[in-house]
Amino acid sequence: MPREYDLVVVGAGPAGLMAAKTAAEQGLRVALVERKERITDINRACSMMLVTLTGKYLEERVRLNSRDRKLCFPGYGFTVTYDGPHQDFYTWAIYSHRGNRVRLGSYEENARKGEGGRVSATYDKGTLLRSLLEEARARKVDVFNPYNVIRTELRGGRVTVFTREGRCFRGAFVIAADGRASRIAHTLGCNRGRAYFGTAITLGYEMVGVNPPEKFALFQIFLDETPSMRVWMTPRATGDSHFVMTTSLTPGADHAGAFERFSKKGFFAPWFEKAEITRTLTSAGNALSHLVDPYKDQVLLVSDAAWCQEAEMTGAVISGWKAAAAVSFALADGNISRAGVASYLRWWKEEVLDKYDYRSMMRNAVLPLCLTPDEIDFVLSLVKKSLPSILDPYETPKLVGGALAEIMPFIAGRRPDIHRKLVGMGDVPLAAVFDGCIRAGFPMPVRG
């Protein structure tokens with residue numbers, strides 16, 4: 001027989017843990033079901049950045065309170081305990097393969113200001129998960145792991161969660177926080193109609209001894225590789241360590257070879273002369289448009305299960321908190337229905353769909369699909385000014401686009417071929433831009 005609860009949460013990442021502890025704080029009986037045996041272990045590639053400490057994201061300006069060991073969300077009115085390390089960084093530097101760059105924020109000026117000049121910071125995700133898990137258990141959340149959830153079923157006004165291991169859990173609602181490859185979204189047929197842009201593959205290395213000119217910065221580097229590939233590098237929250245990862249929307253690309261060439265030859269090789277790899281991590285996930293309707297059959301989908309690419313930790317905890325609050329209101333009102341959780345659905349439409357166009361997120365990956373590495377190098381060499389200090393995957397394409405607009409007349413005179421491509425980038429549908437990635441990827445089949 002299924003175990004009976006008010007709410008069953010699937011997935012014990014930041015969103016699921018936040019949802020479980022929030023619902024339990026409001027007196028609900030909560031089950032949390034997770035596939036990992038060691039919930040706080042981080043075994044996939046992750047940069048662990050706070051998005052963002054310098055501007056608003058989802059109408060929130062996150063505050064990192066080191067004194068009281070809190071991540072504060074003052075706009076929404078909650079805090080998250082975080083007693084782990086962090087590392088401030090002071091610019092987002094976008095490099096060509098030859099070393100020309102655009103910077104969001106002046107590293108020198110921001111570093112002099114210290115905490116007041118940081119673009120954002122990295123944190124330790126395992127520590128964050130541990131804090132959330134401890135709080136959830138302290139509030140009597142029943143945690144079940146390792147169990148692999150395979151589907152849900154609505155019957156008689158209650159929704160049952162089934163696992164591959166034969167366990168069942170039943171609640172008035174389910175919150176699906178089971179990530180980019182959400183099996184619940186898949187089996188409910190929620191992915192029908194979502195645009196697919198390719199399968200993102202990441203090979204990442206935790207390294208010590210990396211020596212970039214700007215030690216505490218976020219680096220985005222366009223590689224001279226076919227198919228197109230980028231490197232992302234961030235300082236880790238602890239010690240003299242960095243996380244360096246190659247990413248591509250083309251499965252089968254030579255990530256290891258690309259990293260070897262990047263770190264041993266050319267402009268960036270001096271950064272890695274004394275570097276050592278301490279750990280290797282990977283990840284894979286489909287790039288989909290936002291889920292338009294994150295509710296079906298008393299299941300609320302949150303965070304990466306419904307987002308384009310990823311919600312970031314910020315979006316994860318906010319969406320988990322909003323969904324749990326909506327469930328609490330629905331149960332208090334005895335309204336076990338879509339209307340009962342209207343506050344979450346309204347937030348999703350007004351704060352996510354209406355304000356965060358998934359096409360802006362995907363524009364981050366458009367440039368190397370439209371220009372050659374040498375053409376990117378030429379364009380970046382023309383941008384001389386520092387852009388505003390910000391870490392926001394939706395706002396950055398607009399800022400970089402504005403900087404390119406200022407130099408477009410010069411590009412038209414010197415390189416009309418590049419000018420035509422840049423102009424065309426805004427006119428060509430994303431499906432056409434990503435056509436090669438789409439054909440090379442492996443989307444999950446959609447079930448009705």
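**Close-up views of the predicted model**

**View 1. The second largest pocket and the residues around it.** The second largest pocket has a volume of about 490 Å³, a value computed, like the others in these legends, from a predicted model. Of the 21 residues that line this pocket, Arg363, Pro397, Val400, Gly401 and Met425 are the closest to its centre. Strand β15 and the helices α11 (396-414) and α12 (416-425) each supply at least two residues of the lining, and the largest share, 8 residues, comes from α11. Sorted by class, the lining of the second largest pocket has 13 nonpolar, 6 polar and 2 charged residues.

**View 2. The sheet of 7 strands and the helix that packs on it.** This open sheet has mixed pairing, and its strands follow the order β8-β7-β15-β16-β17-β14-β18. Because β8 (101-104) and β18 (276-288) stand at the edges with a single partner strand each, one side of each is left without a neighbour in the sheet. On average, neighbouring strands of this sheet are turned by 15 degrees against each other, direction ignored. Within the sheet, β15 (residues 218-222) and β16 (residues 230-235) pair in the antiparallel sense over 4 bridges, and Ile221 stands opposite Val231 in β16. Helix α5 (residues 255-264) packs on the sheet, where it touches β14 (196-208), β15, β16, β17 (241-248) and β18, and the direction of α5 makes about 50 degrees with that of β14.

**View 3. The sheet of 3 strands and helix α3.** The strands of this open sheet are arranged in the order β3-β4-β5, with antiparallel pairing; β3 (63-65) and β5 (78-81) are the edge strands, each pairing on one side only. Neighbouring strands of this sheet are turned against each other by 25 degrees on average, direction ignored. Strand β3 is joined to the antiparallel strand β4 (residues 70-73) by 3 bridges, and the bridge partner of Arg63 in β4 is Cys72. Helix α3 (residues 125-138) packs on the sheet, touching β4 and β5, and its direction makes about 110 degrees with that of β5. In the loop between β3 and β4 lies Arg69, a residue other than glycine whose phi is nevertheless positive, near 55 degrees.

**View 4. The hairpin of β11 and β12, with the loop that precedes β11.** Strands β11 (residues 149-155) and β12 (residues 158-163) run antiparallel and are joined by 6 bridges, with Val149 standing opposite Thr163 in β12. The hairpin has 2 residues between its strands, and Gly156 takes a positive phi near 60 degrees. In the loop between β10 (142-144) and β11 lies Pro146, and the peptide bond that leads to Pro146 from Asn145 is cis, with omega near -5 degrees.

**View 5. Backbone details in two further loops.** Most residues other than glycine have a negative phi, and most peptide bonds are trans. A cis peptide bond joins Val51 and Thr52, with omega about 0 degrees, and Thr52 is found in the loop between β2 (30-33) and β3. Gln309 lies in the loop between β20 (299-301) and α6 (312-333), and its phi is positive, near 65 degrees, in a residue other than glycine.

**View 6. The whole protein, as a setting for the close-ups.** The protein has 14 helices and 20 strands. Its radius of gyration is 22 Å, close to the 22 Å that the globule rule gives for 448 residues, so the protein is as compact as a globular protein of that length. Along its principal axes, the C-alpha trace spans about 70 × 45 × 35 Å.

Notes:
Residues are numbered from 1 along each chain as its sequence is written. This is a predicted model: local features need pLDDT of at least 70, side-chain atom pairs count only at pLDDT 80 or more; totals for chains, interfaces and linings use all residues. Side-chain values use heavy atoms; hydrogens and water are left out. Two strands pair if DSSP finds at least two bridges between them. Axes are lines fitted to C-alpha atoms, for helices over the stretch in contact, and angles run from 0 to 180 degrees between N-to-C directions. Contact means heavy atoms within 4.5 Å. On a 1 Å grid over the protein atoms alone, a cavity is a set of points where a 1.4 Å probe fits but cannot get out, and a pocket is an open set with protein on both sides within 12 Å along at least five of seven lines; lining residues have an atom within 4 Å of a point. Grid points are joined across faces, edges and corners, and a volume is the space filled by probe spheres set on the points. Ala, Val, Leu, Ile, Met, Phe, Trp, Tyr, Cys and Pro count as nonpolar, Asp, Glu, Lys and Arg as charged, and the others, Gly among them, as polar. The radius of gyration is taken over C-alpha atoms; the globule rule is 2.2 Å times the number of residues to the power 0.38.
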